[in-house]
Amino acid sequence: MKIEYFTVSVGGGGAPVDPVGEDGSSGAWVVSVADHEYQATLSAEASNTFAIGTPLAVSIFKYGFRTGVPVYGSKRFWVPDGANYARIVITLDSATGLNQRFVLSDVFAIDITLALNSVTLNATYDLIPEFIRIEDEDQSNATFGHLLMVKKLLSAVFASGAVIGEDLRSWGYTRATDSSVGTESKSALTDPQQTKRSHFDWLAQLVGVDLINPFTGLSMWLSLPGWVDSTDSTTWQNIDMVDNEDLGQDSAAWAKVRSASYEDEQSYRDQMDFAFNGLNAGKPETMASYLGTVLDTPAPEDYFLKIKTHDRELPFLVKYVYDPEVDPDPEGTRVSLEMNPMLSMGVVGSQSNSPRDAGVFAFEAKDILAKNVPGAGAAANDDTVLKFGDSACAAVPDVTGSGRHISLVAAGTAIDPKDSRYGIIAGSRYSPGFAFYPSGVTGSKAYLQSATVSTGLTGTDCDYLFRIGDISYGNSSDLILFQQGTSGNADYRACTIDASSGVLKYLTGASGIVTSDVYSFSTHPVEYNFTTTGDRWVRFAVGASTTKFYVGPSLIDVCHPTSHLVTTASQSSPNVFSTSLTAQWFQVNHGENGVVGYRAIVNDGMLDSQYAGFVLSTCIDLNMTSSSTTTPTLYDGVDTFTQSATLNTDVAYTIQYEASPLPVSDWIGLPHTGTDYLYLGNQSSSGDSIVVSGMDNDTYNWTVYYTDAATATGTGTGVTTITWNAGTYGGKQITQIVAVGTKTYTFLPSIALTHTTTTSTGTDATGGTWTVNRAWEAADAYEHSAIVDRNLFQVNREGGRMAPNLVIGRDTAMSISFSYRRWKFDGGADYVFKHPNLKLRFDGDNVIGTVTEQYDFSSAVGETTDVTWDDSSRVGQWNHVGIVRDVPNGKVILYANGVKIQELADVTVGGLSGRTGVPDADIIFHTDDEPGWQFNHFVVFKEALSSADMERVRITLPT
């Protein structure tokens, strides 16, 4: 194989250029004009049935490359000066027989300069220890004139990355052990106890340890023998008196302190092993093992025990989660205090004895309903019924504090990861306290509105102050922090963030506008850079002739007259806050924009240079971070609430929706307060009913008792059957019914022991048969009846979607824990949980768990594995289903009520492309229009639970 060079002009003509280079001769380079060629001789063993190949490669360097020591007979080729065209000539000669064949394949040319300068390659190369990279780039090394050998090797690995990646898919690492003693063998390079002293710096950097000499610093006197800290003086002067300049006359052992390097090598080794981010610090198996010793049990393996890494907004968080039965310090912090010394530097640890906290997210009926969250439509006299679907209350309360929630819109409607569709008032979502997250999605936009106030401003000056966070702008419409009046009219005024530039704007009248400067890091406070995360305060100081814009980290900062000033703009007689107009707060008009509102203040007058403005009165103080005066605590789903300001008390705020919002589903939260009851569903036409039959013919006086202690009475004359129907008693919670005549017939929820799709029946102590009838009417108003024996959600119609911001890759270990009961088996599929890669559904009389290769809902499903359980024999009974995706063992497992039902090989783990699922896939939760099922617990874990863990979850969570 020979390379020939030419100088070619634009016109197409060309002239050959003589090759140049060097030959190695007698230990020196000698100028050579020999052809740039490589010759190879195939083995004579080649035959028709046994082909032999050889690689042919020639490397050409830039003109004049002269680094390195030659080896005898070696050659170095240069691209001749002036050459701009080359060709490769391949010649086969000296054939020794007939019918020989020569196959040429995989011809390619590589520009090494570019091949070694990709972003991915450079980033990976930078992970190699610095001392290796320095040597790799050293031109004086003994690599025969070739630089960057390690980087070239790494580049070669990238060339076969797809093949290597496919092999790595199934690769598992087993620590090496010494076969004779069975102990672990460690790498002499990475084991702190074996590695060379010269490797300490890079190994310490690798594990994030800052090596500290324990024999320097303010504890030097501790090396003095017999020193009593409590009585002996430990000043440097006294210590120096004990010491003597002559080492032989010292009365104290200062050997280590006086060492030339002021270091202790063994201490450094131990620090890399155990201190701070040491190799053994924070290892999950180490932490889990130690957590078991902290718990109040000699057998921690019998209990739920997890070290949960962050899956939420906080990037450096672990949580120790364990069963409450073995909590050594209920309501205390002992576990956290014991475990935190094992954490890496910068990591925050917390504890929980609620196993659901080990999940990525969890919905627990008992936690949500225990708060008696204000709902949109409390039915009849039972105001403890939490209802989702009466044109309001569209989000389940955020009990985990993680911001994940269910958005109860139609199941076919896509949602954004953070979008609640109807706005969300969330506790501890972005910072402590509460906040309002407006929705900007067409069809379900939401924002806050306050009614007119009773007392307003006393002059023409006004201060608007906002605490906001999670700012995202850039799509077509401004983020409105405040506005009154109609845009384009004379009565308009508004505080906004510009959609395209992120500057602050104060708008007034038909066309009046003043803006702040575009952010400049050299002149503006860093908080004014709205592209960075975190919350901040914004102040619009609107005066009769000027408007000033401030942005700072706190309320006090933006009230300073100069330190956080962004811009002063001239503005003549602007409109300021009006007492005659409603006001809108935190409004977003585009689905890709966003802002979180914590607080909004309207001040009577502007703060002056002496901060005297703090004594001014506020007209509005929309403080989401603290409880309001009339609502003890704010929850997701609150539609109205009031708050007070200095001048105006009990200002009413309402979440405003678009005129035709997307349909919401009809879900009901039914709390269990310690007493079982019958929830008699609402009717559409005929409705459900409860009937007592088999009575002696007589006249009966009956009483219906409700959970709120209210009663209803009536009389039946000459009857053997009495019916209470949904037209009168629908939507109510009935604890018992007593009919008194010749005999006393008593309904208690505990007697309903036999369930079918349409009835639940039981017999009381005097032989009366009580039957709860379900009509299953196909109407939005219909709600089915059931005995409520635990906190639960009843899903009647439509569907919901989750916005958990959950990444489920095709090789992510996952588990689902779900407690439910259902009364009917519709033919179609009703997805309980539908992520592209992981699904759980009811399908006829089966419960089916599925894993797939699907990347997102728009791509092909690919390979699938289904595990199935037939639950048709358990109509009306509570069930627990667990799905485990055990990636390391390639299994998908389904548990039902504590029993392993099915275990199948997971066929989805064999592919390579699209291996990570989309992180912001919204997840459909309940898709059928008339499901007739209830649930009280749903948790997703980002790990493969063991059978023991799944059993502990089954026992602990649903109760």
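In the predicted model, the side chains of E338 and Y290 are joined by a polar contact of 3.0 Å. The two residues lie 48 positions apart along the chain, and their C-alpha atoms are separated by 9.1 Å. E338 belongs to helix α10, which spans residues 334-339. When neighbours within four places in sequence are left aside, E338 is in contact with Y290 and V294. Y290 is thus named both in this set of contacts and in the polar contact with the side chain of E338. The relative accessible area of E338 is 30%. This residue is classed as partly exposed because its value falls between the limits of 20% for buried and 50% for exposed residues.

A separate element of the model is an open sheet. Three strands form this sheet in the order β9-β10-β11, with mixed pairing. Strands β9 (305-309) and β11 (348-352) are the edge strands, each of which pairs on one side only. On average, neighbouring strands of the sheet are turned by 20° against each other, with direction ignored. In general, the strands of a sheet pair through backbone hydrogen bonds, in either a parallel or an antiparallel manner.

The pairing of β9 with β10 is antiparallel. Strand β10 comprises residues 317-322, and five bridges join β9 to this strand. One of the residue pairs involved is I307 and Y320, where Y320 in β10 is the bridge partner of I307.

Technical notes: Residues numbered from 1 in each chain as written. Predicted model: local features only at pLDDT ≥ 70, side-chain atom pairs only at ≥ 80, totals over all residues. Heavy atoms only, no water. Helix = DSSP H or I, 4+ residues; strand = E, 2+ residues; numbered from the N terminus. Buried < 20%, exposed > 50% of the residue type's maximum accessible area, 1.4 Å probe, protein only. Contact = heavy atoms within 4.5 Å. Polar contact = N/O pair within 3.5 Å; in protein donor to acceptor, adjacent residues only side chain to side chain. Pairing = 2+ DSSP bridges. Axes fitted to C-alpha atoms, helices over the stretch in contact; angles between N-to-C directions.
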